[in-house]
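Please walk me through this complex of two chains, beginning with a single residue and moving outward from there to the contact between the chains and then to the salt bridges elsewhere.

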Amino acid sequence: MASFLPQFQSIKTTFDHVVLAVEDVSDLWPMVKKGFEERLPFKRAFLNNKTRNPVLVDELPAEFILTTDARLRSRFPQEQSLFWFREPYATIVLVTCEDLDEFKNILKPRLKLIVQNDEREWFIVFVSKAPAHNDQATKMAKKVYAKLEVDFSSKKRERCCKLDINAPDANFWDDLETKIMECIRNTLDRRIQFYEEEIRKLSEQRFMPVWNFCNFFILKESLAFMFEIAHLHEDALREYDELELCYLETVNMVGKQREFGGVEQGDDQATLLGPARKPLTQIVHDDSFREFEFGSIYLPVKQRGYSFIISFSKALTLHESMLPFCMREVWVITACLALIDATASHYKDGLAAPDVEKEFYRVQGEIYTLCRTKFMRLGYLIGYGSDIERSPVNSASLSMLPWPKPAVWPSLPSNASSEVLAKEKMILQDSPRPKHFGIQRKPLPLEPSVLLREANRRRASLSAGNMSELFDGRPNANDSSGPLSPLPKVNSVSMSRTFSSPGNFEGSIDRPMRLAEIYVAAEHALRNTISDVKLWESLSSIEEFEQKYLDLSKGAANNYHRSWWKRHGVVLDGEIAAVYHKHENYDFAANLYEKVCALYAGEGWENLLAEVLPNLAECQKIQNDQAGYLSSCVRLLSLDKGLFLTKERQAFQSEVVRLAHSEMEHPVPLDVSSLITFSGNQGPLLELCDGDPGTLSVTLWSEFPDDITLESLSLTLTATNNTDEGAKAIKSTEAIVLRPGRNIITLPLPPQKPGSYVLGVLTGQIGQLRFRSHSFSKGGPADSDDFLSYEKPTRPILKVANPRSLVDLAAAVSSALLMNESQWVGIIVRPLNYSLKGAVLHIDAGPGLRIEERHHFEIEKHEVGTQNMTNLDNPPENLSPVSTGVKQLTLEDGKIKLPDWTSNITSVLWIPLRAVSDGLAKGTPAGTVVPQRQSVVDGLRTIALKLDFGVSHNQTFEKTIAVHFTDPFHVSIRVADKCNDGTLLLQVILQSQVKASLAISDAWLDLQDGFAHAGKGDGRPASSFFPLIVSPKSKAGILFSIYLAEAPAKDEAKELQPVSILNIKYTISGSRNLGAHTPVAEELTGPDNDKAEYLTFRSELVLQRPVLDPCLAVGFLSLPSSGLRVGQLVTMKWRVERLKALEEKVASDNLDEVLYEVNINPENWMIAGRKRGYVSLSTKQGSRIEISILCLPLVAGYVRPPQLGLPNVDEANISCNPPGPHLVCVLPPPLSSSYCVPA
Amino acid sequence: MANTACFMIVSKNDIPIYEAEVGTVPKKEDAAHQHQFILHAALDIVQDMAWTTSAMFLKAIDRFNDLVVSVYIKVIHTRLMLLHDSRNDDGIKSFFQEVHELYIKTLLNPLYLPGSRITSSHFDTKVRALARKYL
């Protein structure tokens, strides 16, 4: 039956559609042919599938063939049953007859004969040729047709239909179609049944020795083909599936391995699809053959085709030893190519759903890849290995693929010595292209094991050989070509021991083959194996080989791209690029390489990237794409250090530096984020005060293998709190050399606004090349958007504080200093957490104040406890910490430089100053109110201070300090007693005004005219009183006895001495830390030089002669007994009484107008009425008058009541009662009743 | 134990964050390239498969001659990929599960930045121990 195989194929080619037989009994076919064939292909057909379920077939092609046609005739019955699918599915009998007798006698027997064969499905088409107008003929035809129906149609089945040629009925065609369909359906059902039965029978005998797979195959295949003819694709596919399964089982059945086919010429070509388009050759396995054909379902075919190739390839492996050399590889290549051709020509874009389409392209890509791999293997075997890029993909595909295992490795034909020579030459000439940058890397292997060894091992004739000898025949074995990588050491050692016997290399057969010989032998063997001319052509020369290789790579890449398997696609792009690269088509190569690099770089597969990137760089360099080349170099440098040798990395760097220093046409900023990273230093961040410049220290990590010089460098600082303002750049001034690894650089930092800052971008220049880096920390993930959320919060590197006071200046003492004496004024300089290094103090003494420039200034550490420890009685020298740390300073140009040791501590600067006050202090009568404020204001002096400080004197602090100066004493006097002899005891009360103890050593009074000293007359009190010590703020009194002298002549004396002057000689002992103290000595002669320390205080006193002739008496009348209350009006009354008659001024009416005035303290009292006015008082002695003033007390407590004064009358003439000031009590206001709560 | 096995963890951005050759065969210099290449290419398939199945363990999704790629997809789309030549599915599955646990522990380390390379030597030691145990 196997002999039918070729026939089968041709049959399938011819009959790929349903055949309908036409039995043209009455020669009608030419007449109706057109009408019949117009109905083809059938639009809607309902057929039953294998499980007898109706399936709608949209388009069923068919052909009408006359039974007299050669194609339907002369078949052997056996063939018929076997290839039943090609037999007609229906027989249409065309008849016509116009005469009943003729029908009965001639036609009917003939028809009976035709239809008696039960196996056929038939029906009769009666063609009526009667013209429409000829009633007679029509009637006749009807009669005949009726007769026909009676004879041939049965109740079960209508087998007749009538076609009226002259008046065609529309229903006829539908009727015809239905009838044809019915026939086809029935035939199909029957044939399916038949085939199934046959197949079942054969399956049962499967394990019997006589069983023949070929028969089974033909039956099964026929069934499948029949389904396919009927457009029942699913069923067809199922059959093919089962068949394939069964086939593979059979192939792998151990007992069944008989002679494996494929030894004939042409068997290597696999034609899986499209038998109609190509001359047919097949793989014959044992007694089977295998073939697909489908019309329109590409994808499943493809998948099946692919998996079939894989599995059949495995089967071929099993039988490899029996097959011609490399049969398997060649078969796979041709199979793949055939599959690709067949499907690609059928498939058009957009026909299928997107995912189906994707899958289609994917499988297509897989097929291409498979084909490519096998093609490379063949290429390698015949010596084109050096033209195959040693990329990971090629290496992975080839080095894991075992060598072909023929029983005997092909040996060298006898007449091939010239070819061997050529190959030898080729090997010699072939030196691996030196890689760019001098990268030396062991090439990836393209072979599972050394070919030389493998080939020689498989040579039957080679019994023994010294393996080392194998390599000797080949010069530069170890370094010239990769594939010849030396054997593992262990092997070579053991082998040299085993095969150490020299000799027996004389015979060329026994001698191990050299590599070139292997190539040539393989080439010859392949020439025998390969029957496909095209395939052989593409292996015939390197150029052809490369072309085919490129085509296959492109095909695979394109299909993978279309299927969205971008990684597969891009990898193959890399292979295409390698070919372009080799052929110096750098533009294309660079483009493709860039795609590959982008993929690997994007996904961070650095090992793979390291393979491709140098190639890209080389292309870019040759193309003079400086920007691209630079960035490639930078990328190379930023790859993991372990991937390249230091030497290679240095080469990358030197390229970068070379380019950077050359004149670039289009300089572009270079992103070196991966190479130079930066971060703030460890430890606390730099804190600066507002306005201060600083120095920022930054850690830079350089990934360059060598030192690299940065011509300039700047870093931006970004404020974290204020995003509106752009980042500010800080720049380094000089070139920086970065060592590999960690570098710490410092950058000057100009004053910044308050806020905290983080590092932004690093920019700089290498040569002419600007670069920038964004990355903050080492080892962070590549800058991809997805990582933003993960990014470490950048640590602030700088904090500029808000403006605050950095220093404080204050006066050291609060109490008053001595007026008119040179005094130390202490200024406390207190830095507030800020260094005052190099600070300069400008001192500007205000009016009434003079700096004693002859003296040095002093500065000392300020001790808070000093004041507490002060003991006023001790001499100031003991307290003053001169010995412990007082330093002397000199004023220069109104400025003083503070010493450095004071920069961080609170210190006191002592300034010698003298407050100048003109005029003498005035003594007051005891008891009078002295306006204290006045004296305070008089003694107030100001010092304007300005402190320049900070790192670069950028900070300024200005303050004006008030210092209070005063006289040592306040002097008041009173007449203590009036003696009978007219001596007056004048009490001088001295009130100390300073916080220092004063020692009065002498005091005397220069009296004014009209007074004279009693007693000795030197104006001094008893000398034994002295020294009189006056404690701070205490009082002392000195009594002087004086008497009233006669007034001298008025004209001279009054001008001479209008006031008395009190002179006091005293010393002061106080601490300058507290207040008044010993004046600054002009020359420090020592503490025991007393004379120099005596100070003189002079005070003016006004002595009044006593009231000797009172004219008027003023008396304050008593207040109401109810007392005074705040808010209650009270009438104050005074009585004025004339004590002496007024003589000089005699008025006609005896009345004198007396002016009065009420003095009040407005804080305590309010006057309702006139404050000042005139009252009439009789000039007579004893006349009196009362003056009433309505007053309102404002303040509760003891207050001085209003006083009545008579401004026009000399005070000496007024006698007052009470004479001195007195106080009255004012009660608080009564509770307001409205706030009272009733009991 | 498997003769050849290359284990990799690939982050959701397809970046390899951990790799180890865990086979018994002494490591060839060029194997790393090939293995990486095969695993990288297998990402294409994983990408197709990952969204069509809910299983975490995708066994033998890709073959390369005798080598097989198995993948374990984590919820956050981190992929544990193993290139191996053994057929011990259960062992591989257990290996993946244990490594998964280890990886989660690493993730919990506050000093580990998710998506960055795993450089912990402890992790490495553990993975190799697991490989010896299961593969």
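Asp14(B) has a relative accessible area of 13%, and because the cut-off for a buried residue is under 20%, Asp14(B) counts as buried. In this predicted model, Asp14(B) is placed in the loop between β1 and β2 of chain B, and its phi is near 70 degrees, a positive value in a residue other than glycine. Asp14(B) also takes part in a salt bridge with Arg567(A), in which the closest N and O atoms are 2.8 Å apart. This pair belongs to a wider network of salt bridges that links Lys566(A), Arg567(A), Glu603(A), Asp14(B), Asp44(B) and Arg79(B), so named residues of chain A and chain B appear together in it.

From this residue we can turn to the contact as a whole. Chain B contributes 30 residues to the contact and chain A contributes 33 residues, and the area buried between chain B and chain A is about 3000 Å², with carbon and sulfur atoms giving 61% of it. On the side of chain B, the residues that lose the most area to chain A are His33(B), Phe37(B) and His40(B), which together make up 23% of what that side buries. The rule finds two salt bridges across the interface of chain B and chain A, together with eight residue pairs in polar contact, both residues of each pair being at pLDDT 80 or more.

Which elements of chain B give two or more residues to the side that touches chain A? They are β1 (5-10), β2 (16-21) and α1 (31-50) of chain B, and of these α1(B) gives the most, with 15 residues. In terms of residue class, the side of chain B that touches chain A divides into 15 nonpolar, nine polar and six charged residues.

The fold of chain B gives these elements their setting. Chain B has three helices and five strands, and from the N terminus on its elements run β-β-α-β-β-β-α-α. Of the 135 residues of chain B, 56% count as buried, and among the contacts in chain B with a separation of 6 or more, 55% come from residues 24 or more positions apart. As for confidence, the mean pLDDT of chain B is 82, with 92% of its residues reaching 70 or more, while for the complex the predictor gives an ipTM of 0.86 and a pTM of 0.57.

Salt bridges are also found within chain A, and the structure holds 26 salt bridges over all chains. One of them joins the side chains of Asp573(A) and Lys595(A), at 2.8 Å from N to O. This pair links distant parts of the chain, since Asp573(A) is in helix α20 (residues 566-582) of chain A and Lys595(A) is in helix α21 (residues 586-603) of chain A, 22 residues apart. Are the two partners buried or partly exposed? Asp573(A) counts as buried because its relative accessibility is 3%, whereas Lys595(A), at 38% relative accessibility, counts as partly exposed.

A second pair in chain A is the salt bridge of Glu852(A) with Arg914(A), whose closest N and O atoms are 3.3 Å apart. Glu852(A) lies in the loop between β26 (849-851) and β27 (857-861) of chain A and Arg914(A) in strand β30 (residues 907-915) of chain A, so this salt bridge ties together parts that are 62 residues apart in sequence. Here both Glu852(A) and Arg914(A) are buried.

A further pair is Glu1137(A) and Arg1184(A), which form a salt bridge with their closest N and O atoms 3.2 Å apart. Because Glu1137(A) lies in strand β45 (residues 1130-1138) of chain A and Arg1184(A) in strand β49 (residues 1184-1193) of chain A, the pair ties together parts that are 47 residues apart in sequence.

A last residue of chain A returns us to backbone geometry. The phi of Asn820(A) is near 65 degrees, again a positive value in a residue other than glycine, and Asn820(A) is placed in the loop between β23 (817-818) and β24 (822-831) of chain A. With a relative accessible area of 31%, Asn820(A) is partly exposed, whereas Asp14(B), the residue with which we began, is buried.

Terms used
Residues numbered from 1 in each chain as written. Chains lettered and ligands numbered in written order. Heavy atoms only, no water. Contact = heavy atoms within 4.5 Å. Buried area = accessible area lost by both parts, 1.4 Å probe. Salt bridge = Lys/Arg side-chain N within 4 Å of Asp/Glu carboxyl O. Polar contact = N/O pair within 3.5 Å; in protein donor to acceptor, adjacent residues only side chain to side chain. Helix = DSSP H or I, 4+ residues; strand = E, 2+ residues; numbered from the N terminus. Nonpolar A, V, L, I, M, F, W, Y, C, P; charged D, E, K, R; others polar. pLDDT = per-residue confidence, 0-100. Buried < 20%, exposed > 50% of the residue type's maximum accessible area, 1.4 Å probe, protein only.
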